[in-house]
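Student: I would like a close look at one part of this protein. Please take me through the place where its domains meet, and then show me what else stands out.

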Amino acid sequence: MCGIVGVVSTAPVNQLIYDALLLLQHRGQDAAGIVTQEGRKFFMHKAKGMVRDVFRTRNMRALPGSIGLGQVRYPTAGSAASEEEAQPFYVNAPFGIVMVHNGNLTNAKQLRRELAETDHRHTNTESDSEVLLNVLAHELARASSGASLTTDDVFAAVRAVHLRIKGSYAVVALIAGYGLLAFRDPFGIRPLCMGRGADGTVMLASESVALEGTLHRLERDIAPGEAVFVQLDGTVQTRQCAQQPRLYPCVFEYVYLARPDSIMDGISVYQARLNMGETLAKRVVSTVPPSQIDAIIPIPESSRPSAMQLAQLLGLPYREGFVKNRYVGRTFIMPGQGTRKKSVRQKLNAIASEFKGKRVLLVDDSIVRGTTSKEIVQMARDAGAVKVYLASAAPPVRHPNVYGIDMPTRAELVAHDRTEEEIRQVIGADALIYQDVAAMKQAVGKINPGVQGFEASCFDGLYITGDISDEEVTALNEGRQRGGEDDEEDTSRLSLPNAQE
Ligand SMILES: O=P(O)(O)OC[C@H]1O[C@H](OP(=O)(O)OP(=O)(O)O)[C@H](O)[C@@H]1O
Ligand SMILES: NC(=O)CC[C@H](N)C(=O)O
Ligand SMILES: [Mg+2]
């Protein structure tokens with residue numbers, strides 16, 4: 001996942017895009033970028049780092065114009081270390097296009113070959129997003145008959161793009177001199193919504209919080225397969241460009257990725273987390289009698305709504321046992337296991353009095369590599385807890401994710417090839433309670449029955465865009481450099497988590 005935003009206004013948009021990116025920072029902490037357009041000229045600034053560090057006043061001043069887009073990156077292809085892979089990406093033909101992408105293509109390798117051999121287009125990074133932009137550019141060139149571009153041409157190009165690319169994608173692109181194009185993959189795996197400001201400004205963004213937080217009213221989600229074209233005067237045209245669109249959003253958005261105050265595809269993320277806490281409560285009761293639990297303690301941040309609801313249902317006290325250092329970012333989306341491990345201790349600290357002599361049930365939203373759980377269970381014991389139980393509002397994560405979440409190999413997942421009892425032993429808890437896959441889908445899906453199902457491959461191994469073989473997973477990881485994955489000494493982001501290198 002990454003955070004993307006696009007804006008068409010009549011006033012300067014640099015600050016607006018910056019503000020929207022800050023509201024989407026939880027979706028990507030590794031790089032940030034903005035492009036604006038004035039006349040037919042693009043102005044771009046992008047770099048590694050968090051939004052606040054990437055954009056200085058001088059950079060903001062150099063972003064004129066009333067139309068633009070931006071991205072915060074969480075790398076799932078190529079390398080976290082690469083400055084060149086920060087988005088937006090730019091191509092000069094046809095017309096001049098800049099693009100931001102949230103998602104991951106599963107056929108990028110094949111497309112890269114096609115682009116080189118058939119389309120005669122050069123790609124210069126390992127990023128799948130650069131591949132996507134070149135496919136879009138090629139199809140726009142094919143669709144436009146002459147020197148100018150019609151809206152029909154734009155939609156024809158998106159239709160052709162849908163046929164060529166596989167995987168997950170929410171995209172916003174600017175076509176120089178024409179307008180802003182946005183589209184979403186035919187399963188709607190990654191989110192994208194649209195809204196408007198009081199002055200008529202049109203905004204597209206990954207999450208509704210980016211609209212609300214910048215005083216824009218959420219109008220609707222972009223439908224799976226749908227394309228939206230916003231002309232320079234703000235006129236909006238939309239068209240369904242996929243042959244068989246179906247709404248299967250990524251369930252992990254509701255589990256962890258999105259902010260709880262966002263509404264995605266008609267589902268309040270907060271309500272989804274409350275519901276997951278409710279179903280989890282039922283499973284807790286059958287494993288550990290509530291009479292043997294003194295307190296329910298969330299593992300901040302994302303698990304709070306689920307833990308709160310669970311505590312209420314069990315009639316047990318909800319206590320804050322861990323304090324989060326707000327200056328450390330989200331651990332799971334950091335590149336590099338060494339960094340993630342050390343970050344847990346930097347990020348969370350136990351309040352000893354909440355644990356001393358107590359039997360506690362810790363609640364997290366998900367257990368992926370087990371980095372957080374192992375550390376946290378030990379911290380609870382060190383603080384004097386006599387029993388430490390652990391519950392996860394999501395089911396065991398057993399399969400790689402190929403749609404834009406950094407869980408690329410089975411081997412690194414704590415639940416891979418282990419029974420729940422074996423996982424419990426690895427984590428060191430006295431009991432481990434997991435959500436059930438069907439219960440999770442039901443808990444989230446009942447909020448909007450219009451959602452046909454969920455992309456939940458990391459839990460159930462079913463890949464909505466078609467089976468993904470182990471060879472394909474391996475191929476997807478080729479060229480992947482994951483920011484010092486095994487480098488326990490990689491502490492650069494810990495001492496200065498917000499600093500530009
Ligand atoms: O099993 P793991 O590999 O450790 O991953 C799972 C943990 O990572 C996430 O927390 P994170 O610190 O990223 O963000 P949060 O503050 O939103 O909970 C998630 O909420 C879990 O706590
Ligand atoms: N997770 C994402 O959406 C990342 C987008 C793209 N695949 C990249 O790695 O830059
Ligand atoms: Mg967490």
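Tutor: Here is a walk from the domains to the ligand and then to one loop residue.

Keep in mind that this is a predicted model. The domain assignment gives domain 1 (3-246) and domain 2 (273-447). Their C-alpha centres lie 35 Å apart. Domain 1 brings 15 residues to the contact, and domain 2 brings 10 residues.

Look at the side of domain 1 that touches domain 2. Two strands, β6 (97-105) and β7 (167-175), each supply at least two residues there. The largest share comes from β6, with 3 residues. Now sort that side by class. It has 9 polar residues, 4 nonpolar and 2 charged.

Next, turn to ligand 1. It is surrounded by 19 residues. The closest are Glu 301, Thr 331, Phe 332, Arg 369 and Thr 372. Helix α12 (residues 371-382) gives the most to this shell, with 3 residues. By class, the shell around ligand 1 has 7 nonpolar, 7 polar and 5 charged residues.

Last, find Gly 453. This glycine sits in the loop between α14 (437-445) and α15 (457-460). Count its surroundings: Gly 453 has 15 C-beta neighbours inside 10 Å, so it counts as partly exposed. A residue would need 20 or more to be buried, and 12 or fewer to be exposed. Now compare sequence with space. Gly 453 and Val 251 are 202 residues apart in sequence. In space, C-alpha to C-alpha, Gly 453 and Val 251 are 9.0 Å apart.

Definitions and conventions
Residues are numbered from 1 along each chain as its sequence is written. Chains are lettered from A and ligands numbered from 1 in the order in which they are written. This is a predicted model: local features need pLDDT of at least 70, side-chain atom pairs count only at pLDDT 80 or more; totals for chains, interfaces and linings use all residues. Domain bounds come from an automatic or database domain assignment. Two residues are in contact if their C-beta atoms, placed from the backbone, lie within 7 Å. Helices (H or I, at least four residues) and strands (E, at least two) are DSSP runs, numbered from the N terminus. Ala, Val, Leu, Ile, Met, Phe, Trp, Tyr, Cys and Pro count as nonpolar, Asp, Glu, Lys and Arg as charged, and the others, Gly among them, as polar. A residue is near a molecule or strand if its C-beta atom, placed from the backbone, lies within 6 Å of it.
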